Amino acid sequence: MFPASFDYAKARSVAEAISILSSVEDAKLLAGGHSLLPLMKLRLASPSMLVDIGSLAELSYIEDKGDYVAIGSMTRHHDISSSRVLKSEIPLLPYVASQVGDPQVRHRGTIGGSISHGDGASDLPAAVLALDAKFVVAGPKRERIVPATEFFVGFLETVLSPDELLTEIRVPKFSGGWSFQKFNRRAQDWAIVGVAAVNDGGTRVSLVNMGPTPMRARAVEEALADGASIETASSKASEGMDPPTDLNASSQYRRHLAEVLVKRALTEAV
Amino acid sequence: MQITTVVNGKSFTKDVEPRTLLVHYIRDVLGLTGTNVGCDTSSCGACTILLNGESVKSCTVLAVQADGLELTTIEGMASESALHPIQKAFHDNHGLQCGYCTPGMIMATASFLKENPAPTEADVREGLEGNLCRCTGYHNIVKSVLAAAEAMEGAVK
Ligand SMILES: Cc1cc2nc3c(=O)[nH]c(=O)nc-3n(C[C@H](O)[C@H](O)[C@H](O)COP(=O)(O)OP(=O)(O)OC[C@H]3O[C@@H](n4cnc5c(N)ncnc54)[C@H](O)[C@@H]3O)c2cc1C
Ligand code: FES
Ligand code: FES
C-alpha cells in the first residue's frame with residue numbers, strides 16, 4: 001500500500017510553509033505523518049503536495065512562560081510525556097501523551113498534528129480542551145489566537161483555513177487535581193471513550209470519542225458548579241453528546257461508559 | 001528526489017519518489033530485507049527500525065522524511081563476530097518462533113532499553129505494546145528483553 005503521487009517540499013521556516021500553502025492548490029502540511037500517511041495509503045486523502053514541517057526546530061519546544069507553558073506545535077508526543085516542566089506544572093498533559101498509541105507512534109506524532117487533525121477520538125485534543133488551552137495560528141496575513149473551545153468545529157474539521165499553520169499551544173498551569181481515564185480493550189488502541197478532568201477552583205471535563213469532535217461535558221461541569229454530587233453530575237455525562245457506533249462499541253454503550261468514566265475521573269480529580 | 005541517509009553506519013545517496021515509504025526504501029532500494037512488512041497499517045511493528053536512535057514504524061514514514069537522518073536496521077545490530085546482546089538474549093530465551101516479528105521486536109527493544117535501561121516486567125510489556133507476535137504468547141519475548149537489560153547493564157558497569 002502506498003499513497004498516490006504527490007510533490008514534496010521540506011519547509012525551511014514557518015513563513016516558507018505558509019507561502020507554499022497559499023500558492024499551491026491542495027497542498028497539505030505534513031507533521032509526524034501518523035494520521036495523514038495512513039489516510040494517504042488508504043487513498044482517503046490525496047493531496048497534490050506535502051509541505052513537511054515535521055523537522056522545523058523553530059516549532060519544537062516546551063517553554064515555561066509564568067502563567068502558562070508554551071509548546072511548539074511540532075513537539076512530539078514522546079517529548080511531551082517526558083517533559084519535566086510539564087510533569088510539574090501541567091501533569092495531565094504528559095500523562096495523556098504517554099497514553100497515545102505506542103512508543104513508535106509517540107516518537108513521530110506531534111501535538112500540533114494531533115490537534116490540527118481534530119479527531120474526536122484523539123486523546124490530546126480532549127486534554128487541551130479540558131485545560132482551556134489557546135492556540136497560536138499563523139497565516140499569510142496575520143497571526144491569530146484561538147481558544148481550544150472554539151477550535152474544533154466538526155468531524156476532522158477545525159477553524160484552520162488551508163493556508164494557516166498552528167504554531168504554538170499555550171496551556172495554563174493549574175494546581176488542583178486531575179484525571180485521565182482512557183478505556184480501551186487492547187494495548188495500543190484508541191480510546192473507546194476517554195475522559196479528561198481538571199479541578200482548579202472550578203471543574204472542567206472533556207470527552208474523547210463521544211461525538212464528531214472532542215467535547216466539553218458542559219452538563220457535568222454545570223451540575224458540579226451548582227453543587228451537585230459526583231454521582232449526580234456524572235449521570236449527565238452523555239447529555240448533548242452524539243457518540244458514534246462502530247466496530248468497538250454502540251452509541252448506547254459509549255453513553256454508559258461516559259457516565260462510568262466521568263465518575264471515576266471526578267472521584268480522582270475532585 | 002535525492003535523499004542521503006546513513007544506514008547502519010554507511011552513507012547512501014539515492015533517488016526516490018516522494019511517495020516511497022521508508023520500509024520500501026530500506027528493502028527494495030537498499031536491499032536490506034531484514035526489516036519486515038506485517039500489517040502495512042501502522043499496527044504490528046514488524047517494520048520497526050531506529051531513526052536517529054528512536055524506534056519508528058517504517059511503513060508510516062516517507063523515505064524523504066528520513067533525508068539527512070541516521071537509520072539502524074536489524075542488519076546493523078550484530079558485530080562481525082558476535083550477536084548484539086539483545087539478539088543473543090532472544091536466542092538464549094527462545095524469544096521467537098517463526099521469527100517474523102523478531103527484527104521489529106529487537107529494534108523496539110533497543111529503543112526501549114535506551115529510554116529505560118532497568119525495566120520491570122510490566123514496563124517491558126508496556127514498552128513493547130507497539131509490536132505484535134502471532135506465535136510466542138509474548139512470555140519468552142518479555143524474558144528475553146529482561147535478560148538483555150541485565151546483560152547490557154552488565155556491559156556498562
Ligand atoms: C498505530 C497508531 C495508533 C495511534 N493511537 C492514537 C491514540 O491512541 N490516541 C491518539 O490521540 N492518537 C493516536 N494516533 C494518532 C497520532 O497521535 C498522530 O500522531 C496524530 O493524531 C497526528 O499527529 P502527526 O504529527 O502525526 O500529524 P500528521 O499526520 O502529519 O498531520 C495530521 C493533519 O494535521 C495537519 N497538520 C499537521 N500539523 C499542522 C499544523 N502545525 N498546522 C496546521 N495543520 C497541521 C496535516 O496537514 C494533516 O491534515 C495513532 C496513530 C497511529 C499510526
Ligand atoms: S508493517 Fe509497519 S506496523 Fe505493521
Ligand atoms: S515469532 Fe512468529 S510472529 Fe513473533
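Are Lys57(B) and Asp102(A) buried or exposed? Both residues are buried, and they are a good place to start a tour of this predicted model. The legends below take the close-up views one at a time.

**View 1. Lys57(B) and Asp102(A) form a salt bridge between two chains.**
The side chains of Lys57(B) and Asp102(A) meet here, with 2.6 Å from N to O. Lys57(B) belongs to strand β4 of chain B, while Asp102(A) sits in the loop between α5 (92-98) and α6 (103-108) of chain A, so this pair joins two chains. As we saw at the start, both partners are buried.

**View 2. Chain B meets chain A across a shared interface.**
Let us step back to the whole contact region. Here 32 residues of chain B are in contact with 30 residues of chain A. The area buried between the two chains is about 2400 Å², and carbon and sulfur atoms give 52% of that area. On the chain B side, Arg19(B), Gln65(B) and Glu129(B) lose the most area to chain A, together 28% of what that side buries.

**View 3. Polar contacts and salt bridges link chain B with chain A.**
Between these chains, 13 residue pairs are in polar contact. Several elements of chain B take part in the side that touches chain A: β3 (48-51), β4 (54-57), α3 (102-115) and α4 (121-127) each supply at least two residues. The largest share, four residues, comes from β4(B). Sorted by class, this side of chain B has ten nonpolar, 13 polar and nine charged residues. Four salt bridges cross the interface. One pairs Glu54(B) with Arg76(A), whose side chains meet at 2.7 Å, N to O.

**View 4. Asp79(A) also forms a salt bridge with Arg76(A).**
Stay with Arg76(A) for a moment. Its closest N or O atom and that of Asp79(A) are 3.0 Å apart. Asp79(A) counts as partly exposed, at 25% relative accessibility. Over all chains, the structure holds 23 salt bridges.

**View 5. Ser81(A) is a buried residue of helix α3 in chain A.**
You will find Ser81(A) in the helix spanning residues 77-81. Its relative accessible area is 16%, and since buried means under 20%, Ser81(A) counts as buried. The side chain of Ser81(A) reaches the backbone oxygen of His78(A) at 3.0 Å. Leaving aside residues up to four places away in sequence, Ser81(A) touches Lys87(A), Pro94(A), Ala97(A) and Ser98(A).

**View 6. Helix α1 of chain B keeps its buried residues on the same side.**
In this helix (residues 22-29), Leu22(B), Val23(B), Tyr25(B) and Ile26(B) are buried. Why do they lie on the same side of α1(B)? They cover an arc of only 165° around the axis, which puts them there together. What covers these buried residues includes β1 (2-7), β2 (10-15), β3 and β5 (70-72) of chain B. After α1(B) comes Gly31(B), with a positive phi near 75°.

**View 7. Asn8(B) has a positive phi although it is not a glycine.**
Most residues other than glycine have a negative phi. For Asn8(B), the angle is about 50°. Asn8(B) is found in the loop between β1 and β2 of chain B, and it is partly exposed, with a relative accessible area of 28%.

**View 8. Helix α8 of chain A is largely enclosed, and Asp132(A) follows it.**
Eight of the eight residues of α8(A) are buried, so the rest of the structure largely encloses this helix. Among them are Asp123(A), Leu124(A), Pro125(A) and Val128(A). Asp132(A) lies in the loop between α8 (123-130) and β6 (134-138) of chain A. Although Asp132(A) is not a glycine, its phi is positive, about 55°. Asp132(A) is partly exposed, with a relative accessible area of 32%.

**View 9. Glu231(A) and Lys263(A) tie two helices of chain A together.**
The closest N and O atoms of this salt bridge are 3.3 Å apart. Glu231(A) lies in helix α11 (residues 230-234) and Lys263(A) in helix α12 (residues 251-269), so the pair ties together parts that are 32 residues apart in sequence. Lys263(A) is partly exposed, with a relative accessible area of 35%. Elsewhere, salt bridges that share partners join Asp132(A), Arg204(A), Arg216(A), Arg218(A) and Glu221(A) into one network.

Technical notes
Residues are numbered from 1 along each chain as its sequence is written. Chains are lettered from A and ligands numbered from 1 in the order in which they are written. This is a predicted model: local features need pLDDT of at least 70, side-chain atom pairs count only at pLDDT 80 or more; totals for chains, interfaces and linings use all residues. Side-chain values use heavy atoms; hydrogens and water are left out. Contact means heavy atoms within 4.5 Å. Buried area is the accessible area (1.4 Å probe) that two parts lose on being put together, summed over both. A polar contact is a pair of N or O atoms within 3.5 Å; within protein, one must be able to donate a hydrogen and the other to accept it, and residues adjacent in sequence count only if both atoms are side-chain atoms. Ala, Val, Leu, Ile, Met, Phe, Trp, Tyr, Cys and Pro count as nonpolar, Asp, Glu, Lys and Arg as charged, and the others, Gly among them, as polar. Buried means under 20% relative accessible area, exposed over 50%, partly exposed in between (1.4 Å probe, protein chains only). The arc is that of the directions from the helix axis to the C-beta atoms.
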